[in-house]
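Q: I am new to this structure. Please show me how to read its sheet and its helices.

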Amino acid sequence: MGLLDGKVAVITGAGRGIGSAAAKLFAAQGASVVVGDLDKGPAEEVAKAIKAAGGKAVSVAGNVMELSTNENLIKAALENFKGLDILVPSAGFCNDKVIQKMELEDFRLMERVHMEAPWLLAKLAYPHFKELSQDGKYRRVIFIASEAGSHGNAGQSNYGAAKSGVIGLMRVLCKEWLRLKVNCNCIAYGFVETRLTQATAGDKILGANIGIPEQMRSMAEQFVMMRGGRILTPEEAAGAIFSLAIPQADGINGQLVEVDAGIGL
Ligand SMILES: NC(=O)c1ccc[n+]([C@@H]2O[C@H](COP(=O)([O-])OP(=O)(O)OC[C@H]3O[C@@H](n4cnc5c(N)ncnc54)[C@H](O)[C@@H]3O)[C@@H](O)[C@H]2O)c1
């Protein structure tokens, strides 16, 4: 018996990091998972690992900034698993620069991946949530924000604004979807050890440099250590998503949960 038995989840950015850990945890707890990622190989690997462990998963490769990818994700859930219960739009990356060095395109890129894509996935899920709501069960959208959005972080005016936007989106949908019993909550992480927070190593996503500048990473690490805190693992980060997804959390709605081991970035 798992706490998510019978649930169908769509998790984007699930080929790596927090999304990958959430996909594996959800599946281990009985959920059928659509593993979405821009990169086909990592998405397939996660789905394969889930199935090897006795779970249920399919992978969908594609860019969440495209309408068709979001359509494919929803379709994969409905066709393979005959349901749609939990959305976790986790896909994303950073493209840090101070504002005087940032171009409008850098800003728009972060708005598209971190704010527009979750909006699109939720919008496409709406007719299915409406139809499925006849069964009287609670469903979920668990948005992924950042303390760069809830508190601000130098060098991230694009990312921080987008993550702040997703908090607003969560609060609106919480109210619009009360009658459908689709609970909308949002997690703002502090510092989690993933590719996203590794110092820039020349990697690019869709032409943009990813990771955070070495100096910023080192400052963030010092801040965490000074406060006696620590950097979270992806598995710990996924635990927070899981805690909002389980039926025992049906009473939690419209909340922003900061997950940072108490350091308050
Ligand atoms: N790591 C942290 O400290 C931290 C802090 C706050 C918020 N977050 C948020 O957590 C989420 C997950 O990040 P992570 O730390 O696990 O990073 P990660 O780099 O380990 O994983 C992100 C995944 O998203 C995928 N992805 C990126 N752009 C995509 C796109 N356009 N379409 C589809 N897939 C795409 C990547 O291929 C990657 O596999 C992100 O939304 C991030 O902003 C992370």
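The dialogue below goes through the sheet, then the helices, then one loop residue.

Q: What kind of model is this, and how are residues numbered?
A: This is a predicted model, in which local features need pLDDT of at least 70, side-chain atom pairs count only at pLDDT 80 or more, and totals for chains, interfaces and linings use all residues. Residues are numbered from 1 along each chain as its sequence is written, and side-chain values use heavy atoms, with hydrogens and water left out.

Q: In what order do the strands of the sheet lie?
A: Strands of a sheet pair through backbone hydrogen bonds, either parallel or antiparallel. Here strands are DSSP runs of E with at least two residues, helices are runs of H or I with at least four, and both are numbered from the N terminus. Two strands pair if DSSP finds at least two bridges between them. The open sheet has seven strands in the order β3-β2-β1-β4-β5-β6-β9, with parallel pairing. β3 (56–61) and β9 (256–259) are at the edges with a single partner strand each, so one side of each has no neighbour in the sheet.

Q: Which residues stand opposite each other in β1 and its partners?
A: β1 (residues 8–12) is joined to β2 (residues 32–37) by four bridges, and V10 stands opposite V34 in β2. Four bridges also join β1 to β4, where T12 stands opposite P89.

Q: Are the two faces of β4 buried or exposed?
A: In a regular strand the side chains alternate between the two faces of the sheet. In β4, I86 and V88 on one side and L87 and P89 on the other are all buried (under 20% relative accessible area; exposed is over 50% and partly exposed in between, with a 1.4 Å probe and protein chains only).

Q: How do α1 and α2 pack?
A: Axes are lines fitted to C-alpha atoms, for helices over the stretch in contact, and angles run from 0 to 180 degrees between N-to-C directions. Helix α1 (residues 17–28) and helix α2 (residues 40–52) pack at about 20 degrees, with axes 10 Å apart. The two are therefore roughly parallel (under 35 degrees; over 145 is roughly antiparallel, 65 to 115 roughly perpendicular and the rest oblique). Their contact (heavy atoms within 4.5 Å) is made by S20, A23, K24 and A27 of α1 and V46, A49 and I50 of α2.

Q: Where does N153 lie?
A: N153 is in the loop between α5 (147–150) and α6. Its relative accessibility is 43%, so N153 counts as partly exposed.
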